[in-house]
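Work through the exercises below with the sequence and the structure side by side, and try each task before you read its solution.

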Amino acid sequence: MSKGQTLNMDKPPLGKHFDNLRFVFLISFVFCFSLLLLDYYAAVSDHGIDFLLFHMNGANHEHMQTMPEPSDSSFIFNETADCPEKTIHANQNNVSTVPGEVHKRDSVGVVANSPSRNLDSCAGQYIYVHDLASRFNEDLVKGCHSLMRWFDMCPYMSNLGLGPKVIEKSKEKVLLKENWYATNQFSLEVIFHNTMKNYKCLTKDSSLASAIYVPYYAGLDVGQYLWGGFNVSTRDASPKELVKWLSQQPEWKRMWGRDHFIVGGRIGWDFKRVTDMNGDWGTKLMLLPEARNMSILLIESAGSEENEFAIPYPTYFHPNKDREIFQWQKKMRDVKRPYLFSFAGAPRPASNNSSSSSIRNEIIKQCQSSRSCKLLNCHDSHYHNNCNDPVQVTKVFQSSVFCIQPPGDSFTRRSTFDSILAGCIPVFFDPRSAYNQYLWHLPKNGSSYSVYIPITDVTEKRVMINETLSKVPKSEVLAMKKEIIRLIPRIIYRYPSSRLETVEDAFDTAVKGILGRIEATKRDTTKVNHSSS
């Protein structure tokens, strides 16, 4: 027997066992390492291969082969803070999460969160934007001189729809140094569209989209024809042409328009002409069969349709960064308010017997007779009107605890959001001025941020506004003021090309609401289909 054979025979059994274990471990390591390399290659090259051991998402969503069901992301709401916070999950897209389930239209709670394993923070939040012919948007801005009969809208179309930048000459420092603009109340369509261009979850692949945005400037379009005797054929030409084009697109046939939405920068009644008589007001955009399937976001909802949703009027403040919002909130928290209440508005002619005329005239009369009220009269012409001066309006509202907000030409007023921005508690006289309107942006409990006085109590002189407001307990005033300041981010539209990091503005809140609305529609449609099959 040789020496080598002797050594082999003399090797203990335990040593052989360890040799086998080492071989198994080596093979297992090579196998797992191979899986890691393959999965990494699949993720980087966007082939859509997915191993259970290492789950990774591709960076370019336009090349994804499959997309999971929409899922909600984390949304933290701090009751003690001034702003709702968004949790931001980083991925290769550097995209932040936006929650996505909306409750019924009569609820303010927009989001119902659920955990998600998907690392793509845009899952369920992708939006596809239709590339419309320029006559539906860009050409309207280029023809800005003819958008309004009473004044030139061109200055207000500058700075991505925000209007001229405000330079405060006063030494009182009413505003912050930057990002204040003389924004027109009817510019929302342009602002929203330009902000959407920088939305983090845009996609060029409509099959991935949870919602389809139609960037038609319906308000600017109809504004050209509201005065001057234009016939209904002229007023309805663009809306009819638009819905005809939409209905021919492949995206439309997926849900027959129920995942489409439009933003209208005017009140609902401007788009709901019932008859075809030339003397009737507005267009019939919202009454067209195709438009009834789409969701429509407006500065005031007529309230008669399930597909209309009110979102805030644009204010004068359009911050670039979160810190600018925090600075403004602190300023409004600390500012001294010498007046109990204020009113910025114009009287209505005595020949007008409407309730809005009566309430306005009575408010002005009571304000002028009270030392605790500050009046900003808007009765002058458009070009010499302090109510069109962001500094003057903000100064008056900053100096007041309560801001009177009666109905005007319609139930809502841009002034409501100017007052909230200034930390001033709004006083309403009709539920349709806010409570039945801005369900995504304002609390469901109206008494948490405002005071309500029935309009007839004032017009019939049963109450004095001064006495009513002075009786509000100090603890309630402090609580409402805190809530108003907390709401500020939700009612302002940021500078369109910027992105906020930790707070949601009016645009974010509206997008979250519409995504939730469409997702709820999809679920309802699925339930109906299952029940009928």
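The exercises that follow concern a predicted model, and they go from the whole protein to single side chains.

**Exercise 1. The protein as a whole**

Task: State how many helices and strands the protein has, and what share of its residues counts as buried.

Solution: Begin with the secondary structure, where you should find 17 helices and twelve strands. Turn next to burial: of the 533 residues of the protein, 53% count as buried. The surface that remains accessible comes to about 25,600 Å², and carbon and sulfur atoms account for 55% of this area. Finally, look at how the chain meets itself: among contacts between residues at least 6 apart in sequence, 72% join residues at least 24 apart.

**Exercise 2. A sheet and the helices on it**

Task: Find the order of the five strands in the open sheet, and say which helices lie on them.

Solution: Read across the sheet to obtain the order 9-8-10-11-12, with parallel pairing. The edges are strand 9 (373–377) and strand 12 (451–452), each of which pairs on one side only. Strand 11 (residues 425–428) is joined to strand 12 by two bridges, and these two strands run parallel; here V427 stands opposite V451 in strand 12. Helix 16 (residues 474–487) packs on the sheet, where it touches strand 10, strand 11 and strand 12, and its direction makes about 105° with that of strand 11. Helix 12 (residues 390–398), for its part, lies across strand 8 (339–345), strand 9 and strand 10 (400–405), and runs at about 120° to strand 10.

**Exercise 3. A serine in a helix**

Task: Decide whether S419 is buried or exposed, and list its contacts beyond its neighbours within four places in sequence.

Solution: First locate S419, which lies in helix 13 (residues 415–421). Its relative accessible area is 0%, and because buried means under 20%, S419 counts as buried. Once the neighbours within four places in sequence are left aside, the contacts of S419 are F397, C403, Q405, C424 and P426.

**Exercise 4. Nonpolar cores**

Task: Name the residues that touch the most other members of the largest nonpolar core, and find the helix that gives the most to this core.

Solution: The largest nonpolar core has 96 residues, of which F192, F261, L297, F402 and F429 touch the most other members. Helix 17 (residues 506–532) gives the most to this core, contributing seven residues. A second core, separate from it, has 20 residues, including L246, L285, A291 and L298. To follow one residue in detail, take F261, whose contacts beyond four places in sequence include F192, L297 and I514.

**Exercise 5. Salt bridges**

Task: Compare the burial of the two partners in the salt bridge between D457 and R462, then find the residues that form a network with K284.

Solution: In the salt bridge between D457 and R462, the closest N and O atoms are 2.8 Å apart. D457 has 18% relative accessibility and is therefore buried, whereas R462, at 49%, is partly exposed because it falls between the limits of 20% and 50%. For R414 and D418, whose closest N and O atoms are 3.0 Å apart, both partners are buried. K284 meets D276 in a salt bridge at 3.2 Å, N to O, and K284 is buried, with a relative accessible area of 17%. The network links D236, R273, D276 and K284, and a search of the whole structure finds 19 salt bridges.

Conventions
Residues numbered from 1 in each chain as written. Predicted model: local features only at pLDDT ≥ 70, side-chain atom pairs only at ≥ 80, totals over all residues. Heavy atoms only, no water. Pairing = 2+ DSSP bridges. Helix = DSSP H or I, 4+ residues; strand = E, 2+ residues; numbered from the N terminus. Contact = heavy atoms within 4.5 Å. Axes fitted to C-alpha atoms, helices over the stretch in contact; angles between N-to-C directions. Buried < 20%, exposed > 50% of the residue type's maximum accessible area, 1.4 Å probe, protein only. Core = buried A, V, L, I, M, F, W, Y, C linked by side-chain atoms within 4.5 Å. Salt bridge = Lys/Arg side-chain N within 4 Å of Asp/Glu carboxyl O. Areas by Shrake-Rupley, 256 points an atom, 1.4 Å probe, with all protein chains shown as cover.
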